[in-house]
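Hello,

Here is the structure for your files. My notes on it follow below the display.

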Amino acid sequence: MALAIRTESLSKAYGRVLALRGLDLEVEEGTVFGYLGPNGAGKTTTMKILSGLARATAGRAWVAGVEVTANPRAAQALIGAVVEVPRPYPHLTVAETLRYLGELRGLKTRVLNRRVEEVLGLLGLEQVAGRRGSQLSRGMQQRLALGAAILASPPVLLLDEPTSGLDPAGIVEVRNLVRQEAARGAAVFLSSHLLREVQETADVVGFLHRGVLLRVARVSEDAGAESYILEFAQEPPAEALEVASRMPGVVSLERKAPLRFALGFRGSPTERGELVAALVRRGAKVSYLGLASPGGSLEEMYISLIGGEGEE
Ligand code: ATP
């Protein structure tokens, strides 16, 4: 897989404030990278430098092979960004705004017509396509900004808090959109405070704290154990529980109610199947096994790396 985003010792100072301190980052094509960190960690600063909106104090950055720190213009053509939601053009309608931005991006009329229709649909903006920028709610502005970012199907998407201001349906739509964009090969660099959302969307997460990237982890493999609920139709034999708790992948097995257990598990689907088979073989009547949380683990990782503190 080729690298879509790369930074090398990227640093940014605002006066005496060091917002980024020697950031080394790599994001592959087709990957959703969740960028996590407390307020003031330097997430927006990173996004601004990558999108050519701010200059780095030191270091270099590339997007889709173009060095943004040397050729911001050329790099901007390869990026779709929602960094600090821009105010919409007050006099243009939603559809006109997309057409105008598509033309600026050099989309040919036929492609442009098709993409504007697609994007209106994808972002749930059909109903307000004729509404002027000045008349849009905050959530609609956010949707329009996202639509503009994906319009030209750029290889790199930079999304700073893309679901802020969206209603629950919008949050789900954006999550699906992000996965679709990654599926077509885009690298999606996404910041969020919502760990659960990142856990459900991102392939890889990076933890930033005080301008330093503390850790990069694959969500599925490294994010720790997943929590399951395991239920039985009747009291399982003690021996079955004993054996189960020593099976590969089992991190913990704890009784929560008479017939209900919390299972901490970090293993393959095959191992999970073998666990159930082993229980059944020893006479346990398994009535339910379901994911309780896809690893409260990202939260655990966040807290252990960063703690509950913000910038200061
Ligand atoms: P949040 O989660 O609150 O959006 P963030 O991780 O995006 O935070 P940044 O906005 O990148 O953090 O800010 C990083 C640091 O740089 C903070 O200490 C902030 O106060 C400082 N900073 C950001 N922009 C400026 C600026 N224009 N002038 C001076 N300091 C700035």
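**Salt bridges**

Arg114, Arg115 and Glu118 are linked to one another in a salt-bridge network. One caveat before going on: this is a predicted model. In total, the count of salt bridges comes to 14.

Three individual pairs are set out here.

- Arginine 175 and glutamate 200: a salt bridge, with the closest N and O atoms 2.9 Å apart. Arginine 175 sits in helix H6 (residues 168-183) and glutamate 200 in helix H7 (residues 195-201), so this pair ties together parts that are 25 residues apart in sequence. Arginine 175 has a relative accessible area of 23%, which means partly exposed. Glutamate 200 is also partly exposed, at 37% relative accessibility.
- Arginine 246 and glutamate 242: their side chains meet in a salt bridge, 2.9 Å from N to O. Arginine 246 counts as exposed, because its relative accessibility is 59% and the cut-off is over 50%. Glutamate 242 is partly exposed, with a relative accessible area of 43%.
- Glutamate 254 and lysine 256: another salt bridge between side chains, at 3.4 Å from N to O. Glutamate 254 has 43% relative accessibility and counts as partly exposed. Lysine 256 has a relative accessible area of 55%, so it is exposed.

**The chain overall**

The chain has 312 residues, and buried ones make up 44% of them. Its secondary structure comes to eleven helices and 14 strands. Along the principal axes, the C-alpha atoms fill a box of roughly 70 × 45 × 35 Å.

**Helix H3 and its partners**

Helix H3 covers residues 94-104. Two packing partners are worth a look.

Take helix H4 (residues 109-122) to begin with. The axes of H3 and H4 come within 10 Å and cross at roughly 135°. That angle makes H3 and H4 oblique to each other, because only angles over 145 degrees count as roughly antiparallel. The crossing of H3 and H4 is right-handed.

Now helix H5 (residues 138-150). H3 and H5 pack with their axes 10 Å apart, at an angle of about 25°. Angles under 35 degrees count as roughly parallel, so H3 and H5 are roughly parallel to each other. H3 and H5 also make a right-handed crossing.

Two residues of H3 deserve their own lines. Valine 94 is found in this helix. Is valine 94 buried or exposed? Its relative accessibility is 1%, so valine 94 counts as buried. The cut-off for that is under 20%. Valine 94 also gives a long-range distance for checking your coordinates. Its C-alpha atom is separated by 37 Å from that of leucine 298, and the two residues are 204 apart along the chain.

Leucine 104 lies in H3 too. Leucine 104 counts as exposed, at 58% relative accessibility. It belongs to a nonpolar patch on the surface, formed with Tyr89 and Tyr100. Together, Tyr89, Tyr100 and Leu104 have about 310 Å² of accessible area.

**Backbone points to check**

Most residues other than glycine have a negative phi. Two serines go the other way.

Serine 9 has a phi near 45°, a positive value in a residue other than glycine. Where is serine 9 found? It is in strand S1 (residues 3-14). Serine 9 counts as partly exposed, at 40% relative accessibility.

Serine 153 also has a positive phi, near 45°. Its place is in the loop between H5 and strand S7 (156-160). At 32% relative accessibility, serine 153 is partly exposed.

**In brief**

- The salt bridges number 14, and Arg114, Arg115 and Glu118 form a network of them.
- H3 is oblique to H4 and roughly parallel to H5.
- Within H3, valine 94 is buried, whereas leucine 104 is exposed.
- Positive phi values occur at serine 9 and at serine 153.

Best wishes

Note on methods. Residues numbered from 1 in each chain as written. Predicted model: local features only at pLDDT ≥ 70, side-chain atom pairs only at ≥ 80, totals over all residues. Heavy atoms only, no water. Patch = residues over 30% accessible without salt bridge, like charges linked within 9 Å, V, L, I, M, F, W, Y side chains within 5 Å. Areas by Shrake-Rupley, 256 points an atom, 1.4 Å probe, with all protein chains shown as cover. Salt bridge = Lys/Arg side-chain N within 4 Å of Asp/Glu carboxyl O. Helix = DSSP H or I, 4+ residues; strand = E, 2+ residues; numbered from the N terminus. Buried < 20%, exposed > 50% of the residue type's maximum accessible area, 1.4 Å probe, protein only. Axes fitted to C-alpha atoms, helices over the stretch in contact; angles between N-to-C directions. Parallel < 35°, antiparallel > 145°, perpendicular 65-115°, else oblique. Left-handed = near helix turned anticlockwise from the far one by under 90°.
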